[in-house]
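Welcome! Have a look at the sequence and the model below, then work through the exercises at your own pace.

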Amino acid sequence: MQFARLNRKLEGISDASRKSKPVKDLLKTMVNCKELWIEAYANIYSNKGAITKGVNENTLDGFSWKRVDKIIEKLRNKKYRFAPAKRLYIPKPNGKKRPLGILTGDDKLVMEVARILLERVYEPIFSAR
């Protein structure tokens, strides 16, 4: 039942985008639709990098509503700030190294929620070519 509401909301965003209507209140959708956070967590928790620690001890391990509520409250009050990415250098086959930025668990979650919403805005209007 709850996910039906989320699907209707996301379809409404896609329909508005398809009809070239302005899509408004994405932040409002982020803070009022908890099902969106469940979907975001489900999308990223199985990734082996999900439990990698960023600059703090915050990982995606231990998802809880208390944690999501804290993030939502910061977003609602426009006080959420992304933490700096932890920088590692990964060896490449040619002997050189490439940089890799590791985010905190909360940042990964917020970015996945934003990605889900923005994909619904822009995917319908991309050219097939």
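The exercises below go from the whole chain to single residues.

This is a predicted model, in which local features need pLDDT of at least 70 and side-chain atom pairs count only at pLDDT 80 or more, while totals for chains, interfaces and linings use all residues. Residues are numbered from 1 along each chain as its sequence is written, and side-chain values use heavy atoms, with hydrogens and water left out.

**Exercise 1. The whole chain**

Find out how many helices and strands the protein chain holds, and in what pattern they follow along the sequence.

Step 1. Helices are DSSP runs of H or I with at least four residues, strands are runs of E with at least two, and both are numbered from the N terminus.
Step 2. Counting in this way gives five helices and two strands.
Step 3. Reading along the sequence gives the pattern α-α-α-α-β-β-α.
Step 4. For the overall dimensions, the C-alpha trace spans about 50 × 45 × 25 Å along its principal axes.
Step 5. Of the 129 residues, 31% are buried; buried means under 20% relative accessible area, exposed over 50%, and partly exposed in between, with a 1.4 Å probe and protein chains only.
Step 6. Take the contacts (heavy atoms within 4.5 Å) with a separation of 6 or more: residues 24 or more positions apart account for 70% of them.

**Exercise 2. Two helices that pack**

Describe how helix α3 and helix α4 pack, and which residues make the contact.

Step 1. Locate the helices: α3 covers residues 34–44 and α4 covers residues 65–76.
Step 2. Their angle is about 115° and their axes are 11 Å apart. Here axes are lines fitted to C-alpha atoms, for helices over the stretch in contact, and angles run from 0 to 180 degrees between N-to-C directions.
Step 3. On the α3 side, the contact is made by Lys34, Trp37 and Ile38; on the α4 side, by Trp65, Val68, Asp69, Ile71, Ile72 and Leu75.
Step 4. Sorted by type, these residues are seven nonpolar, no polar and two charged. In this sorting Ala, Val, Leu, Ile, Met, Phe, Trp, Tyr, Cys and Pro count as nonpolar, Asp, Glu, Lys and Arg as charged, and the others, Gly among them, as polar.

**Exercise 3. The hairpin**

Work out in which sense β1 and β2 pair, and over how many bridges.

Step 1. Strands pair if DSSP finds at least two bridges between them.
Step 2. Strand β1 (residues 86–91) and strand β2 (residues 97–102) pair in the antiparallel sense over six bridges.
Step 3. Check one position: Lys86 stands opposite Ile102 in β2.
Step 4. Five residues lie between the strands of this hairpin, and Gly95 in the turn has a positive phi of about 95°.

**Exercise 4. Salt bridges**

Say how many salt bridges the structure holds, then follow some of them from helix to helix.

Step 1. A salt bridge is a side-chain nitrogen of Lys or Arg within 4 Å of a carboxyl oxygen of Asp or Glu. The structure holds eight.
Step 2. Arg120 and Glu11 meet at 3.0 Å, N to O. Arg120 lies in helix α5 (residues 105–122) and Glu11 in helix α1 (residues 2–18), so this pair ties together parts that are 109 residues apart in sequence.
Step 3. Lys34 and Asp69 meet in a salt bridge at 2.7 Å, N to O. Because Lys34 lies in α3 and Asp69 in α4, the pair ties together parts 35 residues apart in sequence.
Step 4. Arg67 and Asp106 form another salt bridge, with the closest N and O atoms 2.7 Å apart. This pair links α4, which holds Arg67, to α5, which holds Asp106, 39 residues apart.
Step 5. Now look at accessibility: Arg67 is buried at 15%, and Asp106 is also buried at 15%. Lys34, at 33%, is partly exposed.

**Exercise 5. Residues in loops**

Buried or exposed: which word fits Ile51, and which fits Lys78?

Step 1. Ile51 sits in the loop between α3 and α4. Its relative accessible area is 54%, so Ile51 is exposed.
Step 2. Leaving aside neighbours within four places in sequence, Ile51 is in contact with Thr59 and Asp61.
Step 3. Lys78 lies in the loop between α4 and β1. Its relative accessibility is 62%, so Lys78 counts as exposed.
Step 4. Finally, check the backbone: Lys78 is not a glycine, although its phi is positive, at about 55°.
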